[in-house]
Amino acid sequence: MAQTIDGPRLAPRSGRAKRLVVLLHGYGADGNDLIEIGRQWQAWLPDTYFVAPHAPSRLPQMPTGRQWFPLTMRDPNERWVGANAAQPVIDAFLDAEFARHGLDESKLALVGFSQGTMMALHVGLRRARPPAALLGYSGLLVADERAGTEALKDDIRGRPPVLLIHGEADDLIPADALFLSAEGLAKAEVPCQWHLCPGLGHGIDAEGLRHGGLFLTQCFGLPYPARGAAG
């Protein structure tokens, strides 16, 4: 049985959950790091339930930090191995959330940051039914280094729309990762958009939040927001 995870939650403003957005945090953070994004998007997604589960593994050197999988940088394939190992935990969490809210993948968006983006893409492309949207900030597409991104086309099960957003000045995961990931998704015939945030490092800025929120409203089939920006 997969390990059980949970994290901070944000109920829909309308009081009824018609959609689900799951926010997957980055390495060394936890769910509290991303749940506030839900508050930024609530005005545009009033019927949406937001949840940001804590990754299952703690970091020994950071008592409050968590990881979806270890990063030692000693094994070139450790991201692939780690993403595959963490996938069942997230799959089990999603299935439990669907049962809790009476929803399915057609009402789901996976949103990730950094390592959470790696997991959002890895899990979202391999669900039996594709989510409505995959949104990744400051991350990358994980591939088997022995097979390369060319093998992705045969490995995935669905092709949901993807938006990748990255900081131009990211010194942790360089912006080149955005273009390599978009290219890999295109080769696998996954519809992918991208946005590069000028001058931004490893983080999420207001413009990235706005682009992400608009992308989710579009993928969920909601009206374009009348005015204003996220937040």
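Here is a conversation between a reader and the author about the cores, rings, loops and empty spaces of this structure.

Reader: What kind of model is this, and how are its residues numbered?

Author: The model is predicted, so to speak of local features we ask for pLDDT of at least 70, and side-chain atom pairs count only at pLDDT 80 or more, while totals for chains, interfaces and linings use all residues. Residues are numbered from 1 along each chain as its sequence is written, and side-chain values use heavy atoms, with hydrogens and water left out.

Reader: Why is L20 called buried?

Author: Buried means under 20% relative accessible area, exposed means over 50%, and partly exposed is in between, using a 1.4 Å probe and protein chains only. L20 has a relative accessible area of 0%, so L20 is buried. You'll find L20 in strand β2; strands are DSSP runs of E with at least two residues, helices are runs of H or I with at least four, and both are numbered from the N terminus.

Reader: What does L20 touch, leaving aside its neighbours within four places in sequence?

Author: Contact means heavy atoms within 4.5 Å. By that rule L20 touches T48, Y49, V51, E97, F98, H101, L103, K107, L108, A109 and F220. As for L94, its C-alpha is 9.6 Å from that of L20, and the two residues are 74 apart in sequence.

Reader: What makes a set of residues a nonpolar core?

Author: The members have to be buried Ala, Val, Leu, Ile, Met, Phe, Trp, Tyr or Cys residues, joined through side-chain atoms within 4.5 Å. The largest such set here has 41 residues, and L20, V22, W68, L94, L110, M119 and L185 have the most contacts inside it. Two or more residues each come from β2 (19–24), β3 (48–51), α2 (78–101), β6 (108–113), α3 (115–124), β8 (162–167) and α5 (176–187). Helix α2 gives the largest share of this core, eight residues. Apart from it lies another core of 27 residues, including A109, V111, A132 and F220. In soluble globular proteins, nonpolar side chains tend to be buried together.

Reader: How do you know that H101 is buried?

Author: The relative accessible area of H101 is 18%, so H101 is buried by the cut-off. H101 sits in helix α2, and beyond residues up to four places away in sequence, H101 touches R9, A17, L20 and Y49.

Reader: Why is the pair of F179 and W194 called edge-to-face?

Author: Rings of Phe, Tyr and Trp (its six-membered ring) pair if their centres lie within 6.5 Å; planes under 30 degrees apart count as stacked, over 60 as edge-to-face, and the rest as tilted. The centres of the F179 and W194 rings are 5.0 Å apart and their planes stand at 80°, so edge-to-face it is. A search of the whole structure finds one aromatic pair. F179 belongs to helix α5 and W194 to strand β9 (residues 192–197), so the pair ties together parts that are 15 residues apart in sequence.

Reader: Are those two residues buried, exposed or partly exposed?

Author: F179 has 36% relative accessibility, so F179 counts as partly exposed. W194 is at 47%, so W194 is partly exposed too.

Reader: What makes R19 a charge over the ring of F220?

Author: The rule asks for NZ of Lys or CZ of Arg within 6 Å of the ring centre and within 35 degrees of the ring normal. R19 lies over the face of F220, at 5.7 Å from the ring centre.

Reader: What is notable about the phi of S114?

Author: S114 is not a glycine, yet has a positive phi of about 55°. Most residues other than glycine have a negative phi. S114 lies in the loop between β6 and α3, and at 7% relative accessibility S114 counts as buried.

Reader: Where does S138 lie?

Author: S138 is in the loop between β7 (133–137) and α4 (152–155). S138 has a positive phi of about 50°, although not a glycine, and is buried at 0% relative accessible area.

Reader: What makes an empty space a cavity or a pocket?

Author: On a 1 Å grid over the protein atoms alone, a cavity is a set of points where a 1.4 Å probe fits but cannot get out; a pocket is an open set with protein on both sides within 12 Å along at least five of seven lines, and lining residues have an atom within 4 Å of a point. Grid points are joined across faces, edges and corners, and a volume is the space filled by probe spheres set on the points. The search finds one cavity of 30 Å³ or more, and the largest cavity holds about 40 Å³. Its lining includes S138, L140 and A177.

Reader: Which residues lie nearest the centre of the largest pocket?

Author: They are R79, M118, L140, I173 and A177, out of 35 lining residues. The largest pocket has a volume of about 700 Å³, and α5 gives the most to its lining, with seven residues.
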